[in-house]
Amino acid sequence: MRLTFFGRLRDAIGADVIDCSIPANIVDSEALRTWIGQEYPALLDPNVRIALDDVLTAGPAPIAGVAEAAFLPPVSGG
Amino acid sequence: MIDGHTRSITYLRLSVTDRCDLRCAYCMPERMEFLPRSEVLSLAELDALASAFIGMGITKLRLTGGEPLVRKGFIDLVAGLSRHLGDGLDELVMTTNGTRLAEYADALARHGVSRVNVSIDSLDPATYARITRGGDIARVIAGVDAAIDAGIAVKINVVALANDNLDEVVALADWAHQRGAAISFIEVMPLGDVEASRIDQHVPMCEVRRRLSERWSLAPLALDTGGPARYVRTDAGGTIGLITPLSDNFCGSCNRVLVTCTGQLYLCLGQDARVDLRAMLRSGDPAALEAAIARAVRNKPLAHDFLIAPQRTQGVARHMSVTGG
């Protein structure tokens, strides 16, 4: 799966794109967050949104067949 | 020493030479130009510098290179520095490629070197020779065994390389653990201009973790070394470090500074700002040297600024062998 990181997440992780195979027991977007967060704790912030193939998730969404997961930093309002 | 971000600086990495008997493709170009000897600190200067840092609160000293064991008189330097053990200095350790470890392990142990990190990127003789441009893995393995026999704790450092050793990570961990050694996997870093493209060779640590987790169940280990390493323990009892040097999650607890073999103090491996301590040393004014160190440490940067991305990899121009690997 291709993982992409935007904004300050890109700077925190030191890469904007990572290609990484995901273990079979990781089946949804929140499990994916926890798995990748082991290396990159910045992603564990619940305010970091996850988009699967350009569709923003709200809560765990299945990742079967997904080509790209994008991690979006929280955007401040005002 | 406390820096400007309230981090306690207790760890000095001191490079004793930029020379190396290997030419690892990710570390330096094949025809690396080494520094003229006059620019490199003498053994007496290295001792004076390390001693000044220890006097200011450094408790862990790692000697690096280049390859430290190719520096003439290196064992004398170690023997001299060992006088600080138990008197300010808690740990005297080194990083080595292991090619001369079989010869020197007993002397290192005798002079109080408690741990060595040995760089081994492949156990396959042909792959090892290709990565290192001519290295002999059998000599390195003999060196690891000699260090363990001498009572030195060994950690194997592996740079994860997409084309060279990704399929070998489980075998490498198995091999290290069978010897009672720890092992760490490290992402390739954008340091210095080398021929091989770093994008092509870059392996994200989650890929290494996935491969290891297919073999073992990995439990997080609360072992904070103040560096960019996460440690896990396998269900077979082995320790594995997973190091993501490009991520800045660990900068908040950074406890280290680096000095090159020419006496340049870097406050961060990933920043260009440096302070010339050699000039201070050669001016013969210990108070000025200490003041320069204290001032530099106060200004240690909060974080580095690495980025690996197609077309615009952002790193620093110094080779790893210059700052100390």
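Helices and strands here are DSSP runs, numbered from the N terminus, a helix having at least four residues and a strand at least two. With that in place, good morning. The structure I present today is a predicted model, and I shall begin with its backbone.

In chain B, Gly66(B) sits in the loop that joins β2 (60-64) to α2 (74-81). The peptide bond leading from Gly65(B) to Gly66(B) is cis, and its omega is near 15°. In chain A, please look at Asp54(A), which belongs to the loop between β3 (49-52) and β4 (55-56). Asp54(A) is not a glycine, yet its phi is positive, at about 75°. Why point these out? Most peptide bonds are trans, and most residues other than glycine have a negative phi.

Let us turn to the contact between the two chains. How many residues does each chain bring to it? Chain A contributes 20 residues and chain B contributes 21 residues. Between them, an area of about 1700 Å² is buried, and carbon and sulfur atoms give 50% of that area.

Six residue pairs are in polar contact between chain A and chain B. On the side of chain A that touches chain B, α1 (8-13), β2 (17-19) and α2 (29-37) each supply at least two residues. Of these elements, α1(A) provides the largest share, with four residues. By residue class, that side of chain A divides into twelve nonpolar, three polar and five charged residues.

Which residues form the salt bridge across this interface? The partners are Glu39(A) and Arg209(B), whose side chains meet at 2.8 Å, N to O. The interface of chain A and chain B has one salt bridge, while the count over all chains comes to 18.

Another salt bridge lies within chain A, where Asp19(A) pairs with Arg2(A), their closest N and O atoms being 2.8 Å apart. This pair links distant parts of the chain. Asp19(A) is in strand β2 and Arg2(A) is in strand β1 (residues 2-5), 17 residues apart.

My final topic is empty space inside the model. Rolling a probe the size of a water molecule over the atoms shows where such space is left. The count comes to one cavity of 30 Å³ or more, and the largest cavity holds about 40 Å³ of space.

Which residues line the largest cavity? The lining consists of Leu22(B), Cys24(B), Tyr26(B), Ser119(B), Ile120(B), Asp121(B), Tyr128(B) and Thr132(B). By class, this lining divides into five nonpolar residues, two polar and one charged.

To close, I would ask you to find two places in the structure: the cis peptide bond from Gly65(B) to Gly66(B), and the salt bridge of Arg209(B) with Glu39(A). Thank you for your attention.

Definitions and conventions. Residues are numbered from 1 along each chain as its sequence is written. Chains are lettered from A and ligands numbered from 1 in the order in which they are written. This is a predicted model: local features need pLDDT of at least 70, side-chain atom pairs count only at pLDDT 80 or more; totals for chains, interfaces and linings use all residues. Side-chain values use heavy atoms; hydrogens and water are left out. On a 1 Å grid over the protein atoms alone, a cavity is a set of points where a 1.4 Å probe fits but cannot get out, and a pocket is an open set with protein on both sides within 12 Å along at least five of seven lines; lining residues have an atom within 4 Å of a point. Grid points are joined across faces, edges and corners, and a volume is the space filled by probe spheres set on the points. Ala, Val, Leu, Ile, Met, Phe, Trp, Tyr, Cys and Pro count as nonpolar, Asp, Glu, Lys and Arg as charged, and the others, Gly among them, as polar. Contact means heavy atoms within 4.5 Å. Buried area is the accessible area (1.4 Å probe) that two parts lose on being put together, summed over both. A salt bridge is a side-chain nitrogen of Lys or Arg within 4 Å of a carboxyl oxygen of Asp or Glu. A polar contact is a pair of N or O atoms within 3.5 Å; within protein, one must be able to donate a hydrogen and the other to accept it, and residues adjacent in sequence count only if both atoms are side-chain atoms.
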